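Student: Can we go through this one together? I'd like to start with the sheets and then move to the helices.

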Amino acid sequence: MQFIKPGTTIDFVSRRFLFLSLSAAVIAIGLISLIFHGGLNYGIDFVGGTLVQVKFGQATTPDAIRDALQGLDLGNSTIQQFEEAEGGEFLIRVEKSKADLVDLSDEIKGALDIRYGPGQVDIRRVEMVGPKVGEDLRRKGIFAIIYAIIGILVYVTFRFEFKFAVGAVVALVHDVLITVGLFSLLNMEFSLPIVAALLAIVGYSLNDTIVVYDRIRENLRKAGRKTYEDVINASINETLSRTILTSLTTLLVLISLYFLGGGVIHDFAFALIVGVVVGTYSSIFIASPVVIAMRKMKFLQRQNQKV
Amino acid sequence: MIKSVKLRLLIILATIILAGVYLMPSVVSDLPDWWGKVLPTDKIHLGLDLQGGIHLLMEVDVEKALSASTDRVAGEMQRLLRDKKIDFEQVKQVDAGTLSIVLTHAGDSSVIKDLLGNEMPQWQMMSAEEQVVSYRVSSDERRRIEKLAIDQAVETMRNRIDQFGVSEPEIRPQADNRILVQLPGIKDTRRAIDLIGKTALLEFKLVSESFDPRNLESGTLPDHLEVLYQQEYDPVTKKVVRQVPFVLEKESLMTGEYIADAKVRFNSQFGEPYVAMDFNSQGAKLFDRITAENVKRRLAIILDNHVYSAPVIQERIAGGKAQISGRFSAKEARDLAIVLRAGALPAPIRILEKRAVGPSLGHDSIRKGLISMVVGGLLVVLFMFAFYRLSGLVANLALVLNMLFILSILALAKATLTLPGIAGIVLTIGMAVDANVLIFERIKEELRLGKTPRAALDSGYGKAFLTIMDANITTLIAAIVLYQYGTGPIKGFAVTLSVGIISSLFTAIFVTRLVYDFIQERKALKRLSI
């Protein structure tokens, strides 16, 4: 079986400005959405607050739950249907960061018990994060991503060249930005597992990019009189089959995780699916064009120095 | 690479057997007795999100511990000054860690400088004016007090949790005066938190006879008195419905440190539970004296600044026994007895983060995680077979072995499997075949160039090897950083991802190569099904 015919020569390189501007536009949309929304929709992991996951033995609606909780003075809270099991499962999020948050889940349980009757309400999960810890977790998450990028930059520079490292890092920052932008656009909750997903995306995107780079390096050695652009184009084409195949197998499992993994892992799987698609795109259309651009820049610099 | 097919076969078989042995305890619930004697019994440890339980991050208020310690030092200084016949107005705590001594005679400041310099080297003189000398705790001493408070808090919590009966609790001090507590399998989260978090500072104070609580709103309270409240709870909602004020003398006559034992007893008349305490010999003497001196007065029993009861002392109580009654349920009385036995926390604690997962959700998560793992894996297996035919089967063999290795390494390393960890394994399934895809695509290229199957295999593996290493090492770097800097879900994910990468390198390169070499050795390979 074969997806990509051997000897296929799609001219990726000459259309690089088209793809670079396409990516820039998508990233810009994400950034505008971020500004418009006033930042990401951070989950309680990062801003503090309480989250209670409740399963009901009878059918109910978010409005009915809100009504039952009215006496509690929960401030800014959201109630969201989570899974459509019998009766339904709901997430109740409370942003309040008062010191005695600990008691909040009991208060919620008490109020729901009164309305729905005892035994009808099962508290499945409670998460309470104080504002101080939220800040810590946010800082650590950001540092994890920055350190990962530095580590990769060093390794790729060591194994290849600096300009390749820059291309790889641009590609993975590109992937992270687009995924984050999409989360903002869809107003999805940005939680700690999503940071893990972003880092997995970084790893995956890089994996993909390195395979292409490896082929470029190999082909450059036997390039002869071919131009730099031609070598890169040929390399992308030669690895295209593998790039698509691996993305497909990874997507297969991620899609099964998305549909079968349950609500807790839903957004996480979504982030990974987006990341794999964007990561595959960027290793074909972004990473190598950046290497060419870096080379050109250096070339121009050298000419300027001569003049 | 090792050339001998037999040797490689042996290595792989040994690895598979070893993996099977390590995985067995996690899969089979009732192993025969002899197993534990010779073979490992470590199971894959399930995270709280998969088995249910509570995760708590708590902060010890070390300032309070320091403040208590400063008070004690103030007392010692007073005794010392009295012993040396140095007159002073007062020795008082300015704030946690600083003290000031107000002297009667201006000239004495140089005398106490020498005296306290010798007797209390951990306290440094900050300033000495004519009559006021101030001292500050040294930074070493401050650190020692803080560390002691944390260690004591950990110890007290461990005692309480042990008596509460939790299997495999984890209590660990962390940076920034924090303590991490993980209690797997706990259902009544509120009760557990109450038990752990109760400061349990027990005090006995006299109820004032000179000040009527009814005058609290109009009159001002003299310096030596204070107001504490008795709280009445609604038995169903657990909310405080009423607070009864008590005017008490500030000085605490006795504290809970003299308790030798505490038990739940039931009132013979109404069957109401109460907590009976036994004091140690020193405490018994103290209690004897206190009750003898204050017959017919009310003695308030105070726990964490709440009045529990204030009985009238009918007669002198010798023998060192006392009891706390209040409107307890049997559970509350039992928990109170536990905290009194286990001792007070050296300083109050605050809960910074709490995550509780019910056992039913944990089961659901495991089930769904496993289903998505199996379905995703099957899809990949089918896809690989459809695309690469017999070679796809070889890759699938590697994939199955990879799963076996990942799970057994988790058992071997006593790593904790979490829901994000399962997601990491699922992601690894997708990426694990990547190495084989790389090799197979290379082999196809070589075949197209007209090479023999044997030569194509050789150069395919050879050329793909470095690419695979480069690609996987970079991913591994990301995973290691994740592990190092990540918390909670990030860490669990990083563990399975890095284990998966390493294991897939072994299976995808070493194992598959052996399969081809094995076939080749039997019969010359004429055609590759790829």
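Tutor: What follows covers sheets, helix packing and two loop residues in a predicted model.

Student: Which strands make up the sheet of 8, and in what order?

Tutor: The order is E2(A)-E3(A)-E1(A)-E4(A)-E18(B)-E2(B)-E8(B)-E7(B), in an open sheet with antiparallel pairing.

Student: Which strands stand at the edges there?

Tutor: Strand E2 (77–83) of chain A and E7 of chain B. Each has a single partner strand, so one side of each is left without a neighbour in the sheet.

Student: How much are neighbouring strands of this sheet turned against each other?

Tutor: By 20° on average, with direction ignored.

Student: Where E4(A) pairs with E18 of chain B, how many bridges are there?

Tutor: There are 5 bridges, in the antiparallel sense, between E4(A) and strand E18 (residues 349–357) of chain B. As a specific pair, Arg125(A) has Val357(B) as its bridge partner in E18(B).

Student: What about E1(A), buried or exposed?

Tutor: Mostly covered: strand E1 (residues 49–56) of chain A has 7 of its 8 residues buried.

Student: And its pairing with E4 and E3 of chain A?

Tutor: With strand E4 (residues 121–129) of chain A, E1(A) pairs antiparallel over 8 bridges. Thr50(A) is bridged to Met128(A) in E4(A). With strand E3 (residues 89–94) of chain A there are 6 bridges, and the two strands run antiparallel. Within E3(A), Glu89(A) is the bridge partner of Lys55(A).

Student: Which helix lies across E7, E8 and E18 of chain B?

Tutor: Helix H6 (residues 139–164) of chain B. H6(B) also lies across strand E2 (53–60) of chain B, and runs at about 15° to E8(B).

Student: Now the sheet of 3 strands. What's the order?

Tutor: E13-E14-E17, in chain B; the sheet is open and the pairing antiparallel. Strand E13 (259–266) and strand E17 (321–324) of chain B are the edge strands, each pairing on one side only. On average, neighbouring strands in this sheet are turned by 25° against each other, direction ignored.

Student: How many bridges join E14 and E17 of chain B?

Tutor: Strand E14 (residues 273–279) of chain B pairs with E17(B) over 4 bridges, in the antiparallel sense. Asp278(B) has Lys321(B) in E17(B) as its bridge partner.

Student: Which helix packs on the sheet touching E14 and E17?

Tutor: That is helix H8 (residues 281–293) of chain B, whose direction makes about 105° with that of E14(B). Helix H9 (residues 330–342) of chain B lies across E13, E14 and E17 of chain B, and runs at about 170° to E13(B).

Student: Switching to helices: how do H8 of chain A and H11 of chain B pack?

Tutor: Helix H8 (residues 228–260) of chain A packs against helix H11 (residues 419–448) of chain B at an angle of about 160°, and their axes are 9 Å apart. That angle makes H8(A) roughly antiparallel to H11(B). The crossing of H8(A) past H11(B) is right-handed.

Student: Which residues meet there?

Tutor: From H8(A), the residues include Leu245(A), Thr249(A), Val253(A) and Leu257(A). From H11(B), they include Val426(B), Gly430(B), Val433(B) and Val437(B). The residues of this contact divide into 12 nonpolar, 5 polar and 5 charged.

Student: And H7 with H9 in chain A, at what angle do they pack?

Tutor: Helix H7 (residues 192–221) and helix H9 (residues 263–285) of chain A pack at about 25°, with axes 9 Å apart. At that angle H7(A) is roughly parallel to H9(A). H7(A) passes H9(A) in a right-handed crossing.

Student: What residues are in that contact?

Tutor: Among them are Ala197(A), Ile201(A) and Tyr204(A) of H7(A), which face residues of H9(A) including Phe268(A), Leu272(A) and Val276(A). The contact of H7(A) with H9(A) divides into 12 nonpolar, 7 polar and 2 charged residues.

Student: Last topic, the backbone. What is phi for Lys85(B)?

Tutor: Positive, about 60°, although Lys85(B) is not a glycine. Lys85(B) is in the loop between helix H4 (62–83) and strand E3 (88–95) of chain B.

Student: Is Lys85(B) buried or exposed?

Tutor: Lys85(B) counts as exposed, because its relative accessibility is 71%.

Student: And where does Asn177(B) lie?

Tutor: Asn177(B) is in the loop between strand E7 (170–174) and strand E8 (178–184) of chain B. Its phi is also positive, near 60°, in a residue other than glycine. Asn177(B) has 28% relative accessibility, so it counts as partly exposed.

Key. Residues are numbered from 1 along each chain as its sequence is written. Chains are lettered from A and ligands numbered from 1 in the order in which they are written. This is a predicted model: local features need pLDDT of at least 70, side-chain atom pairs count only at pLDDT 80 or more; totals for chains, interfaces and linings use all residues. Side-chain values use heavy atoms; hydrogens and water are left out. Axes are lines fitted to C-alpha atoms, for helices over the stretch in contact, and angles run from 0 to 180 degrees between N-to-C directions. Angles under 35 degrees count as roughly parallel, over 145 as roughly antiparallel, 65 to 115 as roughly perpendicular and the rest as oblique. A crossing is left-handed if the near helix is turned anticlockwise from the far one by less than a right angle, and right-handed if clockwise. Contact means heavy atoms within 4.5 Å. Ala, Val, Leu, Ile, Met, Phe, Trp, Tyr, Cys and Pro count as nonpolar, Asp, Glu, Lys and Arg as charged, and the others, Gly among them, as polar. Two strands pair if DSSP finds at least two bridges between them. Buried means under 20% relative accessible area, exposed over 50%, partly exposed in between (1.4 Å probe, protein chains only).
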